[in-house]
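Hello,

Here is the structure we talked about handing over. Please open it alongside this message; my notes follow below it.

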Amino acid sequence: MKARVHIFLKDSVFDPQGNTIAQMLRRTGFEKVHGVRMGKVIDVETTHQVAAEALSEVKKMCEKILTNPVIESYRVELMES
Amino acid sequence: MKAAVITFPGSNCDDDCVYALEEVCELSVDRIWHKHEVDLSPYSLIVLPGGFSYGDYLRCGSLAAFSPIMNLVRAASDRGQLILGICNGFQILCEANLLPGALVPNSSLRFICKDVTLKVENNLNPWLNAFKVGDVLTLPIAHGDGRYVIGDQAQAAKAQKILSYCDAKGALVDGANPNGSFDFVAGMVNEKGNVFGLMPHPERAADLRSLHGRKLFESIINHLREKASA
Amino acid sequence: MRNSDSTPSTVEMAIELGLSREEYAYICRKLERKPNFAELGIFSAMYSEHCSYKSSKRYFKRFPTTGKRVLQGPGENAGILDLGDGWAVAFKMESHNHPSYIEPYQGAATGVGGILRDIFTMGARPIANMDALFFGSPEDAKTHSLVRGVVKGIGDYGNCVGVPTVAGQTLFHPCYTANPLVNAFTLGIVKTEQILKGIAKGKDNIVMYVGSKTGRDGVHGATMASKEFSSEGELERPAVQVGDPFTEKLLLEATLEVAEQNLVVGIQDMGAAGLTSSSFEMAHRGASGLELNLDAIPQRETAMSAYELLLSESQERMLLVAEPKNLEKLKAIYDKWDLHAEVIGKVTEGSRVKMFSKGELVVDLPIELVVEPPMPERPQAAPSDLKQRWFLERNRMLATPLETKVLSLLKSLNFADVSPIIHQYDSMVGNRTLATVLDDASVLRLREIKSKNIRLALATDCNPRVCWLWPQEGGRRAVAEAALNVALRGAEPIGITDCLNFGSPENTEVMWQFAECVEGISQTCDFLKVPVISGNVSFYNETDGKPIYPTPMIGMVGVIEDNLPLPLSYCFSTELELGLIGPLVGGLGGSLFASEFFGRDCGQPEETDLTIVDRMIKWCQVIRRKKMTLALHDAADGGLLAACLEMAFRSPHECTGISLEIPHEADVDSFLFGETIPRVIAAYEPVERVDLEATSSRGGLKFHPIGSVNDSGRLKIFQGSAVVLDLAMKDIRSRWEQKYKVFF
C-alpha cells in the first residue's frame, strides 16, 4: 500500500519561500495570486495489506521522523495502487 | 572594453567579481541592477555572479531567470556576446535555458567550501585559452547545489564540457568529484561557445589563493583583444 | 488571546508573563495606576533579564570600555573601534541558546540573523562571522540532531546572506546536554562618517517600519530566554521564529544605501521583544518621546492585537527615524529592494511613548520606567566544595603508564578536527579571507581601504572547565588566550566583545561565578589595555536547577597594519626543530587531560601571569618583523602534546612525524598535558634556533628546545635516550579527523 504524505509548515510559522514565490508570481503577471505556501510530498510504499494499519504506521513515521512537529503539520492519504 | 556585472536580489559575489575584474584585471566594469533594463550591447563581457539570488527559493536560480534583465541577457547571448555565469550565475543560465542541464543538491547533501582541482578539457574558446589542454588548476568551490545533471541527451549533445573536477594529477576518479556531477562537469559552454557556466569561483582566486582565477579572466581579455584587432 | 489590549492587568497576569510581584507593585506605584494588558506585555518583555540586564548591569562598570580607538562603547547595538583613515570596525557577539534547544536549525539561523542586524544597523557592512557552540554528551539522544541542526542553521543563514563564517569553537561537555549554547559574532566595516546610531530624536521626525511583515512569531521569545527549562511536562513552545536570510540580505543592502546617502537620524533592528524594545530604546537614547500608530504596521496575519504587534519577534524588521523631507528617497530605496516601508509614527518632545490601536490610545508609558527596571538583589556565595573540586589525585596519574595517559587524551571529543564543520560554511565570500580558524585565528584583509595596508585577526575563546573550577581565572584566561591567538598571527589586540552565558542569577553560586568572571576578564583587559566595546548576557541556562558551567565567551579583534607575511601555524617541512617559548610546564588543574583521565573536571588551574602574556604578545611582533622561517601555535586545550600534533596534522606532508624530548627537570604530565597560558610552540629551521633563543631571552621569555619534526610518520616521546612512547601518526590523525564527521 502506498501512502502520500503532504507536509507543510504550520500556519503560524512564516514561510519565506512561499512568500517570495508569491511575490514573483504576481510580478510576472499572475496578479490574482493571494498567497503561496511551499510544502513537500513524500510517497511511502509499505507492504501493509490493511488500509487502517498502513495509515496508522505512516502516521507514526510522520510523528517520529518525517516531520518536525515543532514547526510542521502533515496529512496522510492512501493512494490507489 | 567594458564588462557588466549583474546584481540580482540576493547576489553575494557581485562585489567580489567587480573587484577581481576592475582592480586585479584592470577592466572597466559597470554594475547593473536586475530591474534596470539597460542596453547590454556595449559590454564585451556580461557576468552573472555567485550568491543566493532570491534566497535559492523554489529552485536555485529559478526566480532570477524571470528577472527583467534576463531578456536582455538572452538577446546578448543571441548576438554572440560573452556571458559568464559563476556558481549561482551558472544555475541561472541553466534555468533560463541558455545552457542545458541543471544544478541540483550535492550528493552529500551538505554545503562544501574548499579548494578543488580542475582539468582543462578544451582551450579553443574565449574562456581557457591561456591554459593548455590537460592543465590542472585550483579554484575554490562554495555551494550546496552544484551537482550537474543533464536533461536529455540531445540537449546535452549541443553543449560542451570545458572544465572537469579531477584529482591533483588530473584524473577523473572517485573522490575527485566533490558534488556528484554527471561526467565530473565543473564548467560548460553552449554550442556557440559564447556562454560559459562554472560552479567554481575564479574571482576568489584572482589575487588570492592559487591566482588561477586571474588566468581565466586573462583568457577572456586575450580573446576580446584578438577579436578587436582582427 | 484571552485578554484584550485594554483589559486592566492583575498581579496573576503579571506573574504568568514572567514579572515578579515586586516588579508589578513597583510598576503600579510608579504609574499610579494598573497597566493594561498591552502595557503589561511591554513591561514583561522589557523587564526580562534578556532585555534589561537587570541582574548583570551593576557589574558592567568594572569593564574598561574606553580607549583611543573607541568610537562607540557598550550601550548601542554594537561597539565601534577606529581603524584610522576614515574607517572603523563594528562588532558584537550574541547568544541564541534557548531557541536553539527547541528548534536547533531555526534557533541558530535566527541567532545569526539577529547579530548581523545589530552590525548593519550601525551602518557597517558585515564581513565576517564566528560562532561558539557548546553541546552536551554525544551519548544523549538529542545531541546529534542539535549539532546537525545548529551547524546547518548557521551555515545556511550566513552563506545565503553572503557573510563568511571564518572561525569559532565547538566544545562538548555534559553540563550543556539540556542547555546547548549558540553564540554568534559578527564584525563589519564602516566609514566613520556613515556610522548610524539607534536613536530617536527631533520633534516631528517620522518613525518608519521597514522589512518583513509582522506575524505572531516568537511572541514572548524574550521571556522564554529568561526562564529555565523544566524537564517535567511540556517545554514551552512559543511560535518558533523562522529566518529568511534572503530578506535579510535585501535589508542589509537597503540599510547600507540609506547610511551612504545620510537619510536617517537613527535606526535599530527589531530583535528580542521586537517593536517594543527598539522603540523604547531608541527614544531613551534620544531623550525623546514617540507616538506610534500600530494599525500602520504591515501585518501578515489577521486580527493581531496590540499586544501581539508589540511583542512579535518576526525576523528581518527594523525601525528608523528620519526627517520628513527624506521620506520619498527612503521609500524609493526600500522599494528598489522590495521591502515594506511604512510610516508608523513620529518623534515627540517629552519622555513618554504613546501607541494607538484602532483609533484608541492603548499604550501610554513613561520611557524611563520601561527601560530601567528595579535591580533585584542577587546575593552571591562561593561554593562550599571548592577544595574538593580542586583535589587532583596526582599519585594515580604518576602511577599510570604514559601510553595509557596519552591515549586517554587523544580519544577526547574535544581534541578533534573542526574541518567537517567549517567546510559547511562559506569562509571565502567577500574576497577578504586570508586565514580561517584552521590557522588559530582568522585573518581578513580590508581590500576597500586603499590608503594603507590593514588586516584584521579574529578569535573566540573560553574554557568552561577552568571557569567552573576558578571563575576569576577563567575570565582572566579567556581574554589572555584570545589576545594570544590574534598576536600569533601578527596582530595587535584592539578590543573585545563578550557573551556571558550562565545559569540562573537567582542561584547564589552562579551569581558569584558571574561576578568573578567579570573581574577576571577586566583584569586582563586592564593589563593589556584592550577595552570591552559591546557584549551580551544570557542567564537561565539551566534545567531542573542544574546550571551550565560558567561560559564567558570572548570575541577578540586584532589589527595588522603592514604587509608582512602572516606567520604560519603548521609544520611546513619535515626537517624542523620544535621549541617551547614560555613556562616549561603547565598546570594540570582544569586541563582537558585531567578531565579525561579522571572522568571529572578537577584540580586548581594555574593563575595566568599577565606579565608573561604581555611579553609574549610583544615577542610575537618582534618575531614577525624578523621574517624568520617558522610556525607558531599556542598550547591550549590538551597542552603541549595536542598543540604539536595539531601542527603536524595541518602539514602538507603526509609522512610528518614528531619527536619530543622531555626535559629531565620537567614533570612529564605537566610538561605534556599541562595548560597554562601562555605557552607557545615554535617549529623552525635549525639555523634559526640561535636567533630564536636570543629574541626570547631579550623578550623576558624562556626558550626550551623540545624536539623535532621529521618524516618518520611516528609520534615518539623520549625521556633521556629511552623511547617512552611510539605511535603511528596516521592512526592518531585519522581518529582526529573522524570525530566530528560522525555528526553529519
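**The sheet and helices near the end of chain C**

In chain C, helix α25 (residues 689-698) lies across strands β22 (576-581), β25 and β26 (703-710), and runs at about 150° to β26(C). Please keep in mind that this is a predicted model.

A second helix of chain C, α26 (residues 729-738), lies across β24 (657-662), β27 (714-719) and β28. The angle between α26(C) and β28(C) is about 50°.

The strands under these helices belong to one open sheet. Seven strands of chain C make it up, in the order β23-β25-β22-β26-β24-β27-β28, with mixed pairing. Its edges are β23 (630-634) and β28 (722-728) of chain C, each pairing on one side only. From one strand to the next, the twist averages 20°.

At the β23 edge, the partner is β25 (residues 680-684) of chain C. These two strands run antiparallel and share five bridges. To find the register, start at Ala631(C): its bridge partner in β25(C) is Ala683(C).

As background, strands of a sheet pair through backbone hydrogen bonds, either parallel or antiparallel.

**A helix pair in chain C**

Now go to helix α3 (residues 37-46) and helix α10 (residues 274-286) of chain C. They pack at an angle of about 80°, and their axes are 10 Å apart. At that angle, α3(C) is roughly perpendicular to α10(C). From α3(C), the contact uses Ile42(C), Ala45(C) and Met46(C). From α10(C), it uses Thr276(C), Ser277(C) and Phe280(C). By class, the residues of this contact are four nonpolar, two polar and no charged.

**Chain C as a whole**

Chain C holds 26 helices and 28 strands. Its C-alpha trace spans about 90 × 55 × 40 Å along the principal axes. The radius of gyration of chain C is 26 Å, which agrees with the value near 27 Å for a compact globule of 744 residues. Of those 744 residues, 60% count as buried. Contacts reach far along the sequence in chain C: among those between residues at least 6 apart, 83% join residues at least 24 apart.

**Chain B**

Chain B has five helices and 11 strands. Its radius of gyration is 16 Å, close to the 17 Å that the globule rule gives for 230 residues, so chain B is as compact as a globular protein of that length. The C-alpha trace of chain B spans about 45 × 40 × 35 Å along its principal axes. Buried residues make up 54% of the 230. Of the contacts in chain B with a separation of 6 or more, 76% come from residues 24 or more positions apart.

Strand β6 (residues 112-120) of chain B is a good place to look. It pairs with two strands, β7 (residues 136-143) and β9 (residues 160-166) of chain B. Pairing of β6(B) with β7(B) is antiparallel, over eight bridges. Here Ile112(B) stands opposite His143(B). Pairing of β6(B) with β9(B) is also antiparallel, over four bridges. There, Leu118(B) has Tyr165(B) as its bridge partner.

**Where chain B meets chain A**

How many residues does the contact take from each chain? Six come from chain B and six from chain A. On the chain B side, five are nonpolar, one is polar and none is charged.

Best wishes

Methods. Residues are numbered from 1 along each chain as its sequence is written. Chains are lettered from A and ligands numbered from 1 in the order in which they are written. This is a predicted model: local features need pLDDT of at least 70, side-chain atom pairs count only at pLDDT 80 or more; totals for chains, interfaces and linings use all residues. The radius of gyration is taken over C-alpha atoms; the globule rule is 2.2 Å times the number of residues to the power 0.38. A residue is buried if 20 or more other C-beta atoms lie within 10 Å of its own, exposed if 12 or fewer, and partly exposed in between; C-beta atoms are placed from the backbone. Two residues are in contact if their C-beta atoms, placed from the backbone, lie within 7 Å. Two strands pair if DSSP finds at least two bridges between them. Axes are lines fitted to C-alpha atoms, for helices over the stretch in contact, and angles run from 0 to 180 degrees between N-to-C directions. Angles under 35 degrees count as roughly parallel, over 145 as roughly antiparallel, 65 to 115 as roughly perpendicular and the rest as oblique. Ala, Val, Leu, Ile, Met, Phe, Trp, Tyr, Cys and Pro count as nonpolar, Asp, Glu, Lys and Arg as charged, and the others, Gly among them, as polar.
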